Amino acid sequence: MKLVSSLRGAALALALSCVLVACGGSDPPTCNGTSCVCEAGKSCDIGEGGCAGNSCSLDCPMDNECSGACGDSCSIDCGEGSECNVTVGNSSSVSCVSGSTCHIRCTGSCSLSCAPGATCTIQCPADSAPRTIVEGGSCE
């Protein structure tokens with residue numbers, strides 16, 4: 001019984017320390033106004049910093065994990081080796097180069113450009129599940 005109590009205490013301490021030091025968390029992208037970039041090799045949450053609202057421009061250049069949501073008129077470039085798993089607002093566009101993986105959810109109209117060699121899905125507001133996209137697609 002004492003061992004179980006000690007293990008629970010250790011598990012709680014580990015969980016609390018992860019919360020305090022953001023274990024496995026994402027960083028906000030580096031922004032100059034609403035023009036943002038995720039440093040190569042980093043994980044970024046686009047819902048933080050200058051990309052939290054409308055008219056954000058985000059570059060995920062290489063080996064990034066970009067996630068989160070932005071508002072209307074967002075423009076996202078997903079570079080080689082990057083994974084972009086994002087929700088974008090009305091009139092947004094996402095471009096995925098060869099070697100990238102893009103999973104896009106649109107809350108309104110949006111477009112997705114998917115280069116040969118990229119893996120892309122899009123989910124429009126009326127879709128019950130994401131659709132695989134080859135070359136490009138859009139939500140009206």
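I'm counting two residues as in contact when heavy atoms lie within 4.5 Å. With that in hand, I opened this predicted model and started on one arginine.

**Entry 1: Arg 105**

I looked up which residues Arg 105 touches. Leaving out residues up to four places away in sequence, I got Asn 85, Val 86, Thr 87, Val 88 and Gln 123. One of these, Asn 85, came up again: the side chains of Arg 105 and Asn 85 make a polar contact at 3.0 Å.

Where does Arg 105 lie? I found it in strand 9, which covers residues 101-106. Is Arg 105 buried or exposed? Neither, as it turns out: its relative accessible area is 30%, so I wrote down partly exposed. The cut-offs explain that, because buried needs under 20% and exposed needs over 50%.

I also checked Arg 105 against Ala 69, which is 36 residues away along the chain. Their C-alpha atoms are 9.1 Å apart.

**Entry 2: the whole chain**

Next I stepped back. The protein chain has one helix and 13 strands. Reading from the N terminus, the helix comes before the strands. The chain has 140 residues, and 31% of them count as buried. About 7500 Å² of the chain is exposed, with 54% of that coming from carbon and sulfur atoms.

I looked at how contacts spread along the sequence, too. Among contacts with a separation of 6 or more, 9% link residues 24 or more positions apart.

**Entry 3: the six-strand sheet**

In what order do the six strands of the open sheet come? I noted 3-5-7-9-11-12, with mixed pairing. The edges are strand 3 (43-45) and strand 12 (131-133), and each of them pairs on one side only. Ignoring direction, neighbours in this sheet are turned by 15 degrees against each other on average.

I zoomed in on one end of that order. Strand 11 (residues 119-123) and strand 12 run antiparallel and are joined by three bridges. There I spotted Ile 122 opposite Arg 131 of strand 12.

**Entry 4: strand 10 and its partners**

Strand 10 spans residues 110-114. I sorted its residues by face: Cys 110, Leu 112 and Cys 114 sit on the covered face, while Ser 111 and Ser 113 sit on the uncovered one. That fits what I've been taught, since side chains in a regular strand alternate between the two faces of the sheet.

Which strands pair with strand 10? Strand 8 (residues 92-96) runs parallel to strand 10, with five bridges. Cys 96 is opposite Cys 114 there. Strand 13 (residues 136-139) pairs with strand 10 in the antiparallel sense, over four bridges. In that pairing, Cys 110 has Cys 139 as its bridge partner.

**Entry 5: disulfides**

How many disulfides does a search of the whole structure find? The search gave 10. A quick reminder to myself: a disulfide is a covalent bond between the sulfur atoms of two cysteines. I looked at three of them.

Cys 31 and Cys 36 are joined with an S to S distance of 2.0 Å. The torsion about their S-S bond is about 110 degrees, so I called this disulfide right-handed. Cys 31 is partly exposed at 29% relative accessibility, whereas Cys 36 is buried at 4%.

Cys 106 and Cys 110 have their sulfur atoms 1.7 Å apart. Their link is right-handed, with 55 degrees about the S-S bond. Cys 106 is buried at 5% relative accessibility, and Cys 110 is buried at 5%.

Cys 124 and Cys 139 make another disulfide, with sulfur atoms 1.9 Å apart. The torsion is about -90 degrees, so this disulfide is left-handed. Cys 124 sits in the loop between strand 11 and strand 12 while Cys 139 is in strand 13, so the pair ties together parts 15 residues apart in sequence. Cys 124 is buried at 10% relative accessibility, and Cys 139 is buried at 3%.

**Entry 6: positive phi**

Last, I looked up two residues with positive phi that aren't glycine. Ser 73 has phi near 60 degrees. Ser 73 is in the loop between strand 5 (65-69) and strand 6 (75-78), and it is partly exposed at 36% relative accessibility.

Glu 135 has a phi of about 75 degrees, again without being a glycine. I found Glu 135 in the loop between strand 12 and strand 13. Its relative accessibility is 59%, so Glu 135 counts as exposed.

Key:
Residues numbered from 1 in each chain as written. Predicted model: local features only at pLDDT ≥ 70, side-chain atom pairs only at ≥ 80, totals over all residues. Heavy atoms only, no water. Helix = DSSP H or I, 4+ residues; strand = E, 2+ residues; numbered from the N terminus. Buried < 20%, exposed > 50% of the residue type's maximum accessible area, 1.4 Å probe, protein only. Polar contact = N/O pair within 3.5 Å; in protein donor to acceptor, adjacent residues only side chain to side chain. Pairing = 2+ DSSP bridges. Axes fitted to C-alpha atoms, helices over the stretch in contact; angles between N-to-C directions. Areas by Shrake-Rupley, 256 points an atom, 1.4 Å probe, with all protein chains shown as cover. Disulfide = S-S within 2.5 Å.
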